[in-house]
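Student: Hey, can we go through this one together? I'd like to start with a single residue and work outwards.

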Amino acid sequence: MLKTATRLLLPLLLLPASPAGAAGLSSDDLADLLYSNQFTFDHDGVPMVNIGLMDGQKQVQFMAPGGLVFSSDIEGGTSMATPKERVWTARVKGGKPARLRYWAVAEQIRPSVPEKVAAAVALWQARGFPEATAFELGAVFGFQGEVFDNRYSVIGVGGQETPAAAEEVARDLYARHQVPISLHEEVVRPPEGHVVVEDQQSELVIDSNRVLVAVPADHLTFRVFRVEQGQGTRWHTFRDRTYRGALILAVDRQGLLAVANQVDAERLLAGLVPAETYADAPPEALKAQAIAARGILLSKLGTRHFADPYLLCSQVHCQVYSGVEREDPRTTRAVAATRGELLFSPQGLVDTVYHACSGGHTADNETVWTNLPDPALRGRADLRSGAAVVAGPDDAATRRFLTQPPADAFAALSSRGKGHFRWKVELAAARIDELVRASHPEVGQVQDLRVTERASCGRAIRLEILGTRGRVTVHRELPIRQLLGGLKSGLFVIDVTRGPDGRPTSYLFTGGGFGHGVGMCQVGAIGRAEAGQDYRTILGHYYNGAEVRKIY
């Protein structure tokens, strides 16, 4: 601590686009708001989104070329403008982690009807889970007189102090009731601590309880240094990033520092779309991508990051958002041309998930995730001929599809399909042993890998690992891919090479596609645009029964 530092306490703070009647919120109130599923709108009716840039940080540095304004209320409350080009350092003082409780999800109920929810709770209590509790997720919001409701409920059982203990309950649920393995996080006690920001040039210290917000004085941009991306992955890196909107610094679940950006959805999309696709793709494919990305922003609000001080993250888990540097005039034009456009099905706002490449056949949403079947997210062949069935749920059909692929698949015809449509990966037996040992050391040396269940599109959704000391079953497409070293997709078959002693020496994975396979195939969308299809036609194929509507 600087001995001569001036300390400024900001007990009252507000987000830049505050909801009506929110003036005068304490920083505790504001922090609670950040941890809720609420969001606001700008003066043009565009949703404002709090998107997490990173968390778990001991300190973060940031600046704004035109200076920053730290404010308690932008509508006339206490505020302080700082000099231009000053670099600030933020940290958390006296941080205490949140207390979380983890629940095994026994059932999902969509939409969230009180009578159905109460009946489900009673059912699971009668089944031997007296602590069964309902949690309502999602949000209800309105645009220009229309109300949209993506709320649903999950019935949680177990109520454990650690994810590992809750997963044991979830595995028991699967064994006894065939319930997909899934967990829900509950914040029992929010994190504590003060966000402290220091400027060594002026020896000024700003201290705020739990959360601090700053906006560029010139309403342009601010810069955050060493933004962490891809934590826990092979592409883990740090990059300096520039953003529009407001900077939010908050105490995170670990009692450390989280950094978020509050920005309107359209400006956010300008920095998100080029990070999620090829900026030189045909304009109609870029428009389709802009609408799909906008749909994810709004359909996911209130359904993720329950224990984090933001609604969505800037990583692959939600959507990759890289700020101003990744903005490109071509994708910005696509965002502007589709401003306020979203996809709707008879069931409501579509969760417009997408992936890099389907390999020629998309997947049903419930085969990849644990949510209920969505009529708009049905797996289907993606062929110019319009053929209906090209893959199947057994090894033989999947092998034929992969080794004798349809030549008229849009992903194959696309200029961006090379390396994604079909691929091969060979891993030595020693490498498989290493990968399995990291999460399942009880198995011993791996003797065989067997896909024991596939989705109708051919993707592996259950993998059995047989070892010298036991066996284990891995469920769902993503955990299977991750366990096998990050395979491009779950659409693969396995060939094992064995030595004279019968032990495996290597495993060859022959696969197709890149990503989970649900919703829009980005490579296929480019192929369709190159074939002359417009964005409405492209979206109509990938999201069954959905249509584009402009809501703002």
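Tutor: Sure, and keep in mind that this is a predicted model. Let's start with Leu286, which counts as buried because its relative accessibility is 2%, and the cut-off for buried is under 20%.

Student: OK, which helix does Leu286 lie in?

Tutor: Leu286 is part of helix α5.

Student: And what is Leu286 in contact with, leaving aside its neighbours within four places in sequence?

Tutor: Those contacts are Thr277, Tyr278, Ala279, Ala281, Arg330, Thr331 and Ala334.

Student: How far apart are Leu286 and Asp264 in space?

Tutor: They're 20 Å apart, C-alpha to C-alpha, with their positions 22 residues apart in sequence.

Student: Back to helices. At what angle do α5 and α6 pack?

Tutor: At about 65°, and their axes are 8 Å apart. The crossing is right-handed. On the α5 side, the contact is made by Leu286, Lys287, Ala290 and Arg294, and on the α6 side by Arg330, Thr331, Ala334, Val335 and Ala337.

Student: So our Leu286 turns up again there! How many of the residues in that contact are charged?

Tutor: Three are charged, five are nonpolar and one is polar.

Student: What about α4 and α6, how do they pack?

Tutor: Helix α4 covers residues 265–276 and helix α6 covers 329–337; the angle is about 135° and the axes are 9 Å apart. That angle makes α4 oblique to α6. The crossing is right-handed here.

Student: Which residues make that contact?

Tutor: From α4 you have Glu266, Leu269, Ala270, Val273 and Pro274, and from α6 Thr331, Thr332 and Val335. By class, that gives five nonpolar, two polar and one charged.

Student: Changing topic: which residues of α8 are buried?

Tutor: In helix α8, residues 395–403, they're Ala397, Thr398, Phe401 and Leu402. Looking down the axis of α8, they fall within an arc of 130°, so they line one face of the helix.

Student: And what do the buried residues of α8 pack against?

Tutor: Strands β26 (446–454), β29 (492–498) and β30 (504–511).

Student: Last one, α13. Which residues are buried there?

Tutor: Tyr535, Ile538, Leu539, His541 and Tyr542, in a helix running over residues 535–542. Their arc around the axis is only 155°, which puts them on the same side of α13.

Student: What covers them?

Tutor: The cover includes helices α5 (283–299) and α12 (522–530), plus strands β22 (341–345), β31 (520–521) and β32 (547–550).

Definitions and conventions:
Residues are numbered from 1 along each chain as its sequence is written. This is a predicted model: local features need pLDDT of at least 70, side-chain atom pairs count only at pLDDT 80 or more; totals for chains, interfaces and linings use all residues. Side-chain values use heavy atoms; hydrogens and water are left out. Axes are lines fitted to C-alpha atoms, for helices over the stretch in contact, and angles run from 0 to 180 degrees between N-to-C directions. Helices (H or I, at least four residues) and strands (E, at least two) are DSSP runs, numbered from the N terminus. Angles under 35 degrees count as roughly parallel, over 145 as roughly antiparallel, 65 to 115 as roughly perpendicular and the rest as oblique. A crossing is left-handed if the near helix is turned anticlockwise from the far one by less than a right angle, and right-handed if clockwise. Contact means heavy atoms within 4.5 Å. Ala, Val, Leu, Ile, Met, Phe, Trp, Tyr, Cys and Pro count as nonpolar, Asp, Glu, Lys and Arg as charged, and the others, Gly among them, as polar. Buried means under 20% relative accessible area, exposed over 50%, partly exposed in between (1.4 Å probe, protein chains only). The arc is that of the directions from the helix axis to the C-beta atoms.
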